[in-house]
Amino acid sequence: MTSEVSSEPRSHGATEPLLSEASGSLASVRLLVRRRSSPAVVTAAAVWMKRKENSDVSCLGAVCTVEMFDCVTPVQQEMYLPVLFSILLVISSVHTFQYTELAQYVDSHQEDYVEALRDWVAIESDSSNILRRPDLHRMMETAAQKLRLMGGAVDLVDIGEQELPDGQMLALPKVVTAQFGNDSSKHTVCVYGHVDVQPAKREDGWATDPYNLTDVRGNLYGRGASDNKAPVLAWIHAVEAYQALNMELPVNVKFVIEGMEETGSNGLDAMIVAQRDTFFSDVDYIVISDCGWLSRRPALTYGTRGNCYFFAEVEGPKQDLHSGVYGGAVIEPMTDLIGILDTLISPSGKILIPGIREAVAPLTDEEWKMYQDIQFDVDNYKSRVGVNELMYNNKVTDYLHSVFAKRKSPNRLKVTMVIGAKPWLADTRHPLYEAGKAAVKRVFDMDPDLIREGGTIPIARTFQDVTGKSIIMMPIGGFDDGLHSQNEKMSRYNYIEGTKLFITYLNEVSQIKKQTSV
């Protein structure tokens, strides 16, 4: 009788012993251990097998095999097999994540990562400037090509055109999608990011050329360095590290990278709806890293603000008038506009529009307790912003019209909402956040702050509403990165350690049991 014992990979790194029998008078036992198993497990198996006469140990490619060629009787076989099964059980229970090897790879390639960011920052991918649209198209192709070179299944998705104020139509930058792995036994994580930036000019107050990445005492200054090019690259480099070390990705990874986030993500909502049942159908979780820490401690973000942009226009005489000739006789539209805007907010910062405060969800006791441990320095915050005091106490159309009516002005008021974005909120008890906490603990040796983001990231709510997938925001940007401001930067430390965080997080997500997915 010939018996073989093999270790076949099961989801999440586990192993399942399989026994097959065939006719014959001799017994041959073979143990197969994947190289990604713990070296201690492979060594233990090899030592045990080496103790047997005529046994052999060999490694080739991604697999280590330990073979024993003893000619044993069926009785002896019955003695050996339980030991082999015990070894296999040990293999199935050992955590095989090779963090040290991956972290060392990242450290040894950090100059390559900085150069990649330098190349991306050099592209003036300002989505608000139509004259820079060719640069924006080039930025999308650059991102797509980097993913192609890694062997990803990459598409550039056409999302249509943008209508300009003068009626002209302009092609929107294509959305880059990519996929690495399609193992149905694994979770699939979709990473969202954007590579367009806010406007920036040296004369606006930058100490360096905003489109020439400059390293000053460990801080990498450049437009888009933190928002959002470095985080996108860090995710790409995380996948690349697994590949470079011939390690299997613990989860399938997909990317969605857009080029219009800074101007409202034109066309992206429709693309998500259109691909809900195709590209997004097998996605389990969505990760967004378009945010920042609140203190010097790493953070996980579980909520963002919504926002509403209103446009108020007061129309007066049919033509421009001389202020000296007509002043005092004609009511100036600007006076009306200043008058109604002055009623929106009190000097202490309280919004005066009826019903606004009632629409805000109250702070829960649980959240209040959670915030007490956040290391937020108010004095440092005021110093960075350049103010001495802060506003701690913090229906529009109907309200403005009612105030305008009380002025009894002959002018005409028009109010429109030009942008409306919903808030987003996640459950910090979800396994995604438990995985995030574990990853932060592994990389930074501390627990993360759990925070809400002051900015608005509308696509988070779109992903949630359209796909029904669970979302986490995992920032690596620092609290002082200066997003949308002069001298935007990403610290080298955050960039490199953030890459390790993403590597670790993929592994932590792979440990989430399938039945807990929401």
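1. Strand β15 and strand β19 (residues 449–453) are paired in the parallel sense, with five bridges between them. Within this pairing, T301 stands opposite I451 of β19. The model is a predicted one, and the points below should be read as a description of that prediction.

2. β15 also pairs with strand β18 (residues 424–425), here in the antiparallel sense and over two bridges. G303 has L425 of β18 as its bridge partner. β15 thus takes part in a parallel pairing with β19 and an antiparallel pairing with β18. In general, strands of a sheet pair through backbone hydrogen bonds, and either sense is possible.

3. Is β15 enclosed by the rest of the structure or not, and how many of its residues are buried? Strand β15 covers residues 299–304, and six of the six are buried, so the strand is largely enclosed by the rest of the structure. The cut-off behind this statement is a relative accessible area under 20%.

4. A separate point concerns an open sheet of three strands, ordered β11-β12-β21 and paired in the antiparallel sense. The edge positions are held by β11 (214–216) and β21 (489–491); each has a single partner strand, so one side of each is left without a neighbour in the sheet. On average, neighbouring strands of this sheet are turned by 30° against each other when direction is ignored.

5. Within that sheet, β12 (residues 219–221) and β21 run antiparallel and are joined by three bridges. One residue pair can be named: N219 has S491 in β21 as its bridge partner.

6. Helix α15, residues 492–510, lies across β11, β12 and β21. The helix runs at about 60° to β21.

7. K500 belongs to helix α15. Is this lysine buried or exposed? K500 has a relative accessibility of 6%, and because buried means under 20%, K500 counts as buried. Leaving aside residues up to four places away in sequence, K500 touches Y99, A103, V106, D107 and V443. A reader checking the surroundings of this side chain can start from D107, one of the residues in that list.

8. On the surface, L294, F376, Y381, V385 and V387 make a nonpolar patch of about 370 Å². F376, one of these residues, sits in the loop between α10 (365–371) and α11 (378–385). With a relative accessible area of 34%, F376 is partly exposed, because the value falls between the 20% and 50% cut-offs.

9. Some backbone geometry deserves a look. The peptide bond from D227 to N228 is cis, with omega near 15°. N228 is placed in helix α6 (residues 225–244).

10. K408 has a positive phi, near 55°, in a residue other than glycine. Its place is the loop between α12 (396–406) and β17 (412–421). K408 is exposed, at a relative accessible area of 73%.

11. H484 also has a positive phi, near 65°, and is likewise a residue other than glycine. H484 is in the loop between β20 (470–473) and β21. H484 counts as partly exposed, with 44% relative accessibility. The strand that follows this loop, β21, is an edge strand of the three-stranded sheet in point 4.

Key
Residues numbered from 1 in each chain as written. Predicted model: local features only at pLDDT ≥ 70, side-chain atom pairs only at ≥ 80, totals over all residues. Heavy atoms only, no water. Pairing = 2+ DSSP bridges. Helix = DSSP H or I, 4+ residues; strand = E, 2+ residues; numbered from the N terminus. Axes fitted to C-alpha atoms, helices over the stretch in contact; angles between N-to-C directions. Contact = heavy atoms within 4.5 Å. Buried < 20%, exposed > 50% of the residue type's maximum accessible area, 1.4 Å probe, protein only. Patch = residues over 30% accessible without salt bridge, like charges linked within 9 Å, V, L, I, M, F, W, Y side chains within 5 Å. Areas by Shrake-Rupley, 256 points an atom, 1.4 Å probe, with all protein chains shown as cover. Salt bridge = Lys/Arg side-chain N within 4 Å of Asp/Glu carboxyl O.
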